[in-house]
Each structure stands twice: as C-alpha cells, then as structure tokens.
Amino acid sequence: MPKPQYPMLSSDPTVKEAFGMTRVSDGIWAVGVTVGSWGLGFLRGKPIRHATAGMMGTIGATFASMYILQTVRNRLLGGRENVREQKYYDVEKVNADFTQSLKDQGVLLD
C-alpha cells in the first residue's frame, strides 16, 4: 500500500469494523450497482429474463460489497479522504493523548 496521505485510523481494520464505518453514499452506490446489474440482466437475458436478472443482480451485489469493503478499509488506513471517520474516532484527542504518553515516558522531548 502506498504511503498514507491522510491520518491512519486503524492499522489493521477488521471486516466488521470496515462495514460498520460505511457511509450513506456507499449504500446508495451499492444499491445503484445492484439495480443496474439486475436491469442489464433483464434486458440481455431474452429467453429466461428473470433468472438472468437475478443472477446479474447477485453478481452486482457481490461486486458492490467487495468494492465498499476495499474503499472503507482504504479510508481507515489513510489512503483516501477520511474526515468523517476522523471525527468519529476523535483523532485530535487520540494524538494528543499519545503525544503526552510519549512525553511521560521520556521518549519525546518538548
């Protein structure tokens, strides 16, 4: 992974943590991909339209969930814009506490 451009919020985010930090826009995107895939399957599956549409909708939903997982993990790792997540994690307070603990241990000088 390239060097983080934004603050890293979690060094090893779990799947549960990543799906828990999804944004509304991620959900809207997933619904759009799923519906679009279903519609494409319905239009292209001439002899068995509903079966093809269902299969394409499932493929679209699978792709959307994997893409959202990747995107949110990149946000938590600092590879993408993560201002909303910083507010959730209260990054400024955590950084201040960490800096103070380093000063208390004598690792960091004023």
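# Exercises on a five-helix chain

Helix α3 has 29 residues and spans 42 Å from its first C-alpha to its last, close to the 42 Å expected at 1.5 Å a residue. The model is predicted. Its chain has a mean pLDDT of 86, and 88% of the residues reach 70 or more.

## Exercise 1: The layout

Task: State how many helices and strands the chain has, and where confidence is lowest and highest.

Solution.
- Step 1. Count the elements. There are five helices and zero strands.
- Step 2. Read them from the N terminus. The order is α-α-α-α-α.
- Step 3. Look at the confidence. Helix α5 (residues 91–105) has the lowest, at a mean of 70. Helix α2 has the highest, at 96.
- Step 4. Check the contacts. Take those between residues at least 6 apart in sequence: 70% of them join residues at least 24 apart.

## Exercise 2: Helix α3 and its buried side

Task: Find which residues of α3 are buried, and which helices they pack against.

Solution.
- Step 1. List the buried residues of α3. They are T52, A53, G57, G60, A64, I68, T71, V72, R75, L76 and L77.
- Step 2. Look at spacing. An α-helix has 3.6 residues a turn, so residues three or four places apart point the same way.
- Step 3. Find the partners. The buried residues of α3 pack against α1, α2 and α4 (83–89).
- Step 4. Go past the end of the helix. G78 follows α3, and its phi is positive, near 95 degrees.

## Exercise 3: The largest nonpolar core

Task: Name the residues of the largest nonpolar core, and say which element gives the largest share.

Solution.
- Step 1. Collect the members. The core has ten residues: L9, A18, M21, A30, V33, A64, I68, V72, L76 and V91.
- Step 2. Sort them by element. α2 and α3 (49–77) are the elements that give two or more residues.
- Step 3. Pick the largest share. α3 supplies four residues.
- Step 4. Recall the general trend. In soluble globular proteins, nonpolar side chains tend to be buried together.
- Step 5. Set the core beside the whole chain. Of its 110 residues, 25% count as buried.

## Exercise 4: A link between V33 and F63

Task: Work out how far apart V33 and F63 are in sequence and in space, and what each one touches.

Solution.
- Step 1. Place F63. This residue is in helix α3.
- Step 2. Compare the two distances. F63 and V33 are 30 residues apart in sequence, and 8.3 Å apart in space, C-alpha to C-alpha.
- Step 3. List the contacts of V33, leaving out neighbours within four places in sequence. They are G60, F63 and A64.
- Step 4. Do the same for F63. The contacts are W29 and V33.
- Step 5. Classify F63. Its relative accessibility is 45%, so F63 counts as partly exposed.

## Exercise 5: The aromatic rings

Task: Decide why the pair W38 and F42 is stacked, and find what lies over the face of F42.

Solution.
- Step 1. Count the aromatic pairs. There are four.
- Step 2. Test W38 and F42. Their ring centres are 5.4 Å apart and their planes stand at 10 degrees, so the pair is stacked. The cut-off for stacking is under 30 degrees.
- Step 3. Locate the pair. W38 and F42 both lie in helix α2 (residues 24–44), four residues apart, about one turn of the helix.
- Step 4. Check exposure. W38 is partly exposed at 38% relative accessibility. F42 is partly exposed too, at 27%.
- Step 5. Look over the ring. R49 lies over the face of F42, 5.5 Å from the ring centre.
- Step 6. Find the cluster. W29, F63 and Y67 form one aromatic cluster.

## Exercise 6: Two arginines in loops

Task: Determine whether R23 and R80 are buried or partly exposed, and list their contacts.

Solution.
- Step 1. Place R23. The loop between α1 (15–20) and α2 holds it.
- Step 2. Classify R23. Buried means under 20%, and R23 has a relative accessible area of 13%, so R23 is buried.
- Step 3. List what R23 touches, not counting residues up to four places away in sequence. The contacts are R75, E81, N82, V83, R84 and E85.
- Step 4. Place R80. This residue lies in the loop between α3 and α4.
- Step 5. Classify R80. At 37% relative accessibility, R80 is partly exposed.
- Step 6. List the contacts of R80, leaving aside neighbours within four places in sequence. They are Y6, Y67, T71, N74 and R75.
- Step 7. Compare R80 with P7. They are 73 residues apart in sequence, and 9.5 Å apart in space, C-alpha to C-alpha.

Terms used: Residues numbered from 1 in each chain as written. Predicted model: local features only at pLDDT ≥ 70, side-chain atom pairs only at ≥ 80, totals over all residues. Heavy atoms only, no water. Phe/Tyr/Trp six-rings, centres within 6.5 Å; stacked < 30°, edge-to-face > 60°. Buried < 20%, exposed > 50% of the residue type's maximum accessible area, 1.4 Å probe, protein only. Lys NZ or Arg CZ within 6 Å of the ring centre and 35° of its normal. Core = buried A, V, L, I, M, F, W, Y, C linked by side-chain atoms within 4.5 Å. Contact = heavy atoms within 4.5 Å. pLDDT = per-residue confidence, 0-100. Expected span 1.5 Å × (residues − 1).
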